[in-house]
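Here are a few short exercises to work through with the model open in your viewer. Try each task before you read its solution.

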Amino acid sequence: MLHITLRQMQIFAAVARAGSTPAAAQDIGLSQSATSAALNELESSLGLPLFDRVGRRLRLNGHGQELLPRVLAVVDGARAIESWALDDAAGAGGLRIGASTTIGNYLLPGVLATFRRSLPPERQAQWNAHVSIANTQAIASQVAGFELDLGLIEGPCHEPELTVMPWLTDELVIVAGAGSRWHRKAQDDGAGVLPMAELARATWLLREPGSGTRETIVQMLMPHVPQLHEGIQFANSEAIKQAVSAGLGITCLSRWVVADALASGRLVELATPLPPLARPLSLVLHRAKSMTPGLLRLVEHVRRGLPEPAA
């Protein structure tokens, strides 16, 4: 007979996340006394203390740290069973999808539209999903914590619990504002190429630390431009596009991101002595993830990829 329950494990995970029984109780909609009682019952059943009590705060001790990933996997598996049972068609309803910002803003909408069309006609109108968009580091962390069912990321993954599957190749281009001094310097060069010395002197507008775009660009440029002169940091690529258009600096972004601005003439692509710049986009899943039929269907759909963007 099992002596611990899913409810106890869910409460343990909530307390570990919130750091106290009052905060955990509020998160999961229980009274503080019921939350404390369930936590005490779990520790009693296991015969192990799971937290160190520091004032009013609860911090995972060594036993709790070892138990948490096991509990998260079990709770996630139970949630997957419920999802599968409630969605008796494709099992695809309510999937929690995460994407880093470039993918989330420019690729994911098309992926989800074609996925919905792939469902049986009677399921398409009712299909729904929960989408989170953040930088690569945040998305990978949420997949590792079973807060998301899968993630699509554009930078290196540093979470050892995740399986990383190659998806698409993303071309990166260096752009400046039309008529900016960097555009003029490139035009002044006989070959229409911005010299390496100008790249080293230029003001670079980049994403914030934790962004996959930023990490990839810095790694690619470092062998050629060891010290980037960095200007303003931005939390999204749209803001960078507007700042570059205004002449505040140059940047390197996905062709998917800048395609509209290049087509309208607000931005210009700078030819440089650098080799072609590209990065892999990846799909990430937790190694212990319970794969429902709907999640499998979505993963297979995503891995079929998308057409490359027009040049």
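**Exercise 1.** Find the bridge partner of P166 in β11, then work out how β11 pairs with its neighbours β6 and β5.

*Solution.* Keep in mind that this is a predicted model.

- Step 1: go to P166 and look across to β11; the partner there is S282.
- Step 2: widen the view to the strands. β6 covers residues 162-177, and it pairs with β11 through 10 bridges, in the antiparallel sense.
- Step 3: now check β5, residues 150-153. This strand also runs antiparallel to β11, joined by 3 bridges.
- Step 4: pick a pair to anchor that second pairing: G151 sits opposite V284 of β11.

**Exercise 2.** Is β11 mostly covered or mostly open?

*Solution.* Count the residues of β11 (277-286) that have under 20% relative accessible area. You get 8 of 10 buried, so the strand is mostly covered. As a backdrop, buried residues make up 45% of the 311 residues in the chain.

**Exercise 3.** Describe how α1 packs against α2, from geometry to chemistry.

*Solution.* Two packed helices are described by the angle between their axes and the distance between the axes.

- Step 1: take α1 (residues 6-18) and α2 (residues 21-28). Their axes come within 8 Å and cross at roughly 120 degrees.
- Step 2: classify the angle. Roughly perpendicular covers 65 to 115 degrees and roughly antiparallel starts over 145, so α1 and α2 count as oblique.
- Step 3: get the hand of the crossing, which is right-handed.
- Step 4: list who touches whom. α1 brings R7, I11, A14, V15 and A18, while α2 answers with T21, A23, A24, D27 and I28.
- Step 5: sort those residues by class, giving 7 nonpolar, 1 polar and 2 charged.

**Exercise 4.** Repeat the job for α1 and α3: what angle do they make, and which residues meet?

*Solution.*

- Step 1: α3 spans residues 32-46, and its axis lies 9 Å from that of α1, at an angle of about 110 degrees.
- Step 2: that value falls in the 65 to 115 window, so α1 and α3 are roughly perpendicular.
- Step 3: on the α1 side you'll find Q8, I11, F12 and V15, meeting T35, A38, L39, E41 and L42 of α3.
- Step 4: the class tally for this contact is 6 nonpolar, 2 polar and 1 charged.

**Exercise 5.** How many helices and strands does the chain have?

*Solution.* Run through the secondary structure and you get 14 helices and 11 strands.

How values were computed
Residues numbered from 1 in each chain as written. Predicted model: local features only at pLDDT ≥ 70, side-chain atom pairs only at ≥ 80, totals over all residues. Heavy atoms only, no water. Axes fitted to C-alpha atoms, helices over the stretch in contact; angles between N-to-C directions. Helix = DSSP H or I, 4+ residues; strand = E, 2+ residues; numbered from the N terminus. Parallel < 35°, antiparallel > 145°, perpendicular 65-115°, else oblique. Left-handed = near helix turned anticlockwise from the far one by under 90°. Contact = heavy atoms within 4.5 Å. Nonpolar A, V, L, I, M, F, W, Y, C, P; charged D, E, K, R; others polar. Buried < 20%, exposed > 50% of the residue type's maximum accessible area, 1.4 Å probe, protein only. Pairing = 2+ DSSP bridges.
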